[in-house]
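Me: I am new to this structure and would like a close look at a single part of it. Please start with one residue and then go on to the places where larger parts meet.

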Protein chains: 2
Amino acid sequence: MNKPLYQTAYDEILKLIAEGTFPPGSILPNEFEIGKRLNVSQGTARKALSLLEQKGVVQRRQGKGTFVTLRTPEDSLFNFYPLRDDQGQQVIPDLENESVTKRKATKAEQEILHDAPQEVFVISRYRTLNGSPLTLEESIVPAPLFPGLPERAPLPNAMYVLFQHAYACVIISAVEQLRAEILGEEKAGPHGLDPTSPVLVGRRESLDLLDRVVEIRTNIYFTTEAHYSAKLE
Amino acid sequence: MNKPLYQTAYDEILKLIAEGTFPPGSILPNEFEIGKRLNVSQGTARKALSLLEQKGVVQRRQGKGTFVTLRTPEDSLFNFYPLRDDQGQQVIPDLENESVTKRKATKAEQEILHDAPQEVFVISRYRTLNGSPLTLEESIVPAPLFPGLPERAPLPNAMYVLFQHAYACVIISAVEQLRAEILGEEKAGPHGLDPTSPVLVGRRESLDLLDRVVEIRTNIYFTTEAHYSAKLE
DNA sequence: GAGTGGTCTAGACCACTTT
DNA sequence: AAGTGGTCTAGACCACTCC
C-alpha cells in the first residue's frame, strides 16, 4: 500500500509551498535539483511538478522555470468569478458597498470551516454592472485565519488576492450549489432593489492548497446583464 | 513547428475511435502494440493514451486494458446532469412527457451546429421528482446526424447513450449559460405549472469527440427539490 | 552559451486481473 | 503463469529564454 514516489514528492513540495518556504511568485529549483533533494530521478520530480501544475499550484514555462502560482489583481482579478457577458467575456463590475463584521460562528459553520473557528468575519458586498445590480455577496471566513482583516477595509476587489498575499492562503478550487429564487424584501431593502426579481443564488465552499474549507460564501447573482457560465463533466 | 509525436499518436487513435474501428466498450491494443503500429515507443503511446483518458475518451484499468468509454444506462444514466439533492447525490427524475419533431433550422442554429444542417430535430421533455416539477428540456440536434430518430420514440432516459450506440456520436463536454428567470405563461401552460415560479434557465452547447457542436439545449430547472452543482476554476 | 522545461526512448520492475 | 497498465530510472536531444 505504499504511495508512489511521485505522490510523496508532490506532497513534500506542496508542504514547502504551504509553509511559505516558496511564496507565491517565487521560482522553484529545477527538475534535477528537486529530484536530487528528494532522492528521486528527474522524471519522477517532473511528474510531481506536472501534477502540481495541473492542480493550479504552480506554473511552468519552458526556458524559464517553475513558479508558484501568483494571483495578481491584473491577470486574475476575478478568478472564480463565473459571470460572463453575451460575448463570453468576463464582466468587470463596480463595487457599490462593502462591510466587514465579526460575529460568533454558528455550529453549522464550525462543522464546515477549517479548524472549527469560534468566530468568523462576515464580508458583505454589493456590486453593479452598467448601473444595474449584479451581485450581492456574503463571504464567511474563519477569524483566526485572517487576523486584522476588518482593519484592512476597504478590501481589494479581488479578495482571494489579499488572502494569498497577506495570509499565505491560496484558494485553488470551489464548488457552488445554485438555485433560482425570488430576491425578497429582506435582501432587497438595504440597496433599494426590486424584491420581486428572480435571482440566481449560489452557496459556495472554497478550498485552499491543503483542501481546507476556508470560506463559505453566498452569492446572489442578477442575471439580466450577465450570465453564469458552467462547464459540465 | 512539428507536433509532438504523442499528439500525432493521440490524433490517430482518436480518429480510429471516431471512425468506429474501435467502437465504444471495445478494448484497445496494449501500449507496446500501439507504439509498434504508430512507430513510437511504448512511453509515447502511453502518453497519448493518458491524454485520451484525461479527456474521457478511454478508460484504463491496471491488469485489464484500455477501453473506449462506454456510456451505459446503468453507470451514466445522467451524465452531464448537474442536479443534486441536499446530500450531494444525483437525483433520479421521472419522465412525464416527451415529443420529437422535425423542423427547419434557424440561421442561428445553422451557424452553431456542426455541418450547418438544413433541418433539426427538436426533442422536448418534462421531468418530475417526487411529484414536483424538475426540468423542462428542449434539445435541438442536426437531423442529418441522427436519421430515423423520431421513429425511435419513446427515447431512452439518457439520450447521450442512444447517440453513442445508434449513431457513434460520443458527447464528451458541454458548457451551459445560466440565468434566473420567471417561468411565464407560455412555458407553464402545457403542463399546468405555476407561471410565477422562479426557474434556472440553462442554454447548453454539447461537443462530441471531434469537438463538433452536435446539440443545442435549453434546460429549465426547478430548484425546489434539487440544486444545480457547479465547479469553479 | 548556459539553463530551463518539453519530448522521446529503452529498459526494469511492480501491482493487478485473468486463465 | 501470462498479460496488462503503473511506476521509476537514466540518458539523449529539442525548444525556449536570458545573458
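Reply:
**One threonine, then two interfaces**

B:Thr66 lies in strand E2 of chain B, which covers residues 65-68. The model is predicted, and everything below should be read with that in mind. With a relative accessible area of 6%, B:Thr66 is buried, because the cut-off for buried is under 20%. The side chain of B:Thr66 makes a polar contact of 3.1 Å with the side chain of B:Arg60. B:Arg60 is also one of the residues that B:Thr66 touches, once those up to four places away in sequence are left out. The others in that list are B:Ser26, B:Ile27, B:Leu28, B:Leu49, B:Val58 and B:Gln59.

Next comes the meeting of the two chains. Chain A and chain B each bring 29 residues to the contact. Between them they bury about 2,600 Å², and carbon and sulfur atoms give 54% of that area. On the chain A side, A:Arg179, A:Ala180 and A:Leu232 supply 26% of the area buried against chain B, more than any other three residues. The rule finds two salt bridges across this interface. A:Arg179 appears again here: its side chain meets that of B:Asp86 in a salt bridge, at 2.9 Å from N to O. The interface also has 16 residue pairs in polar contact, with both residues at pLDDT 80 or more. Strands E8 (171-182), E9 (198-208) and E11 (227-232) of chain A each supply at least two residues of the side that touches chain B. Of the elements of chain A, E8 gives the most to this side, with 10 residues. By type, the chain A side divides into 14 nonpolar, eight polar and seven charged residues.

A further interface lies within chain A, which is divided into domain 1 (5-68) and domain 2 (73-228). Their centres, taken over C-alpha atoms, are 31 Å apart. Six residues of domain 1 are in contact with six residues of domain 2. The two domains bury about 530 Å² between them, with 75% of it on carbon and sulfur atoms. A:Ala18, A:Pro24 and A:Lys55 supply 64% of the area that domain 1 buries against domain 2, more than any other three residues. Between these domains the rule finds zero salt bridges. It also finds zero residue pairs in polar contact there, counting pairs with both residues at pLDDT 80 or more. Helix H1 (residues 5-19) of chain A gives the largest share of the domain 1 side, three residues. That side is made up of five nonpolar residues, no polar ones and one charged residue.

Terms used. Residues are numbered from 1 along each chain as its sequence is written. Chains are lettered from A and ligands numbered from 1 in the order in which they are written. This is a predicted model: local features need pLDDT of at least 70, side-chain atom pairs count only at pLDDT 80 or more; totals for chains, interfaces and linings use all residues. Side-chain values use heavy atoms; hydrogens and water are left out. Domain bounds come from an automatic or database domain assignment. Contact means heavy atoms within 4.5 Å. Buried area is the accessible area (1.4 Å probe) that two parts lose on being put together, summed over both. A salt bridge is a side-chain nitrogen of Lys or Arg within 4 Å of a carboxyl oxygen of Asp or Glu. A polar contact is a pair of N or O atoms within 3.5 Å; within protein, one must be able to donate a hydrogen and the other to accept it, and residues adjacent in sequence count only if both atoms are side-chain atoms. Helices (H or I, at least four residues) and strands (E, at least two) are DSSP runs, numbered from the N terminus. Ala, Val, Leu, Ile, Met, Phe, Trp, Tyr, Cys and Pro count as nonpolar, Asp, Glu, Lys and Arg as charged, and the others, Gly among them, as polar. Buried means under 20% relative accessible area, exposed over 50%, partly exposed in between (1.4 Å probe, protein chains only).
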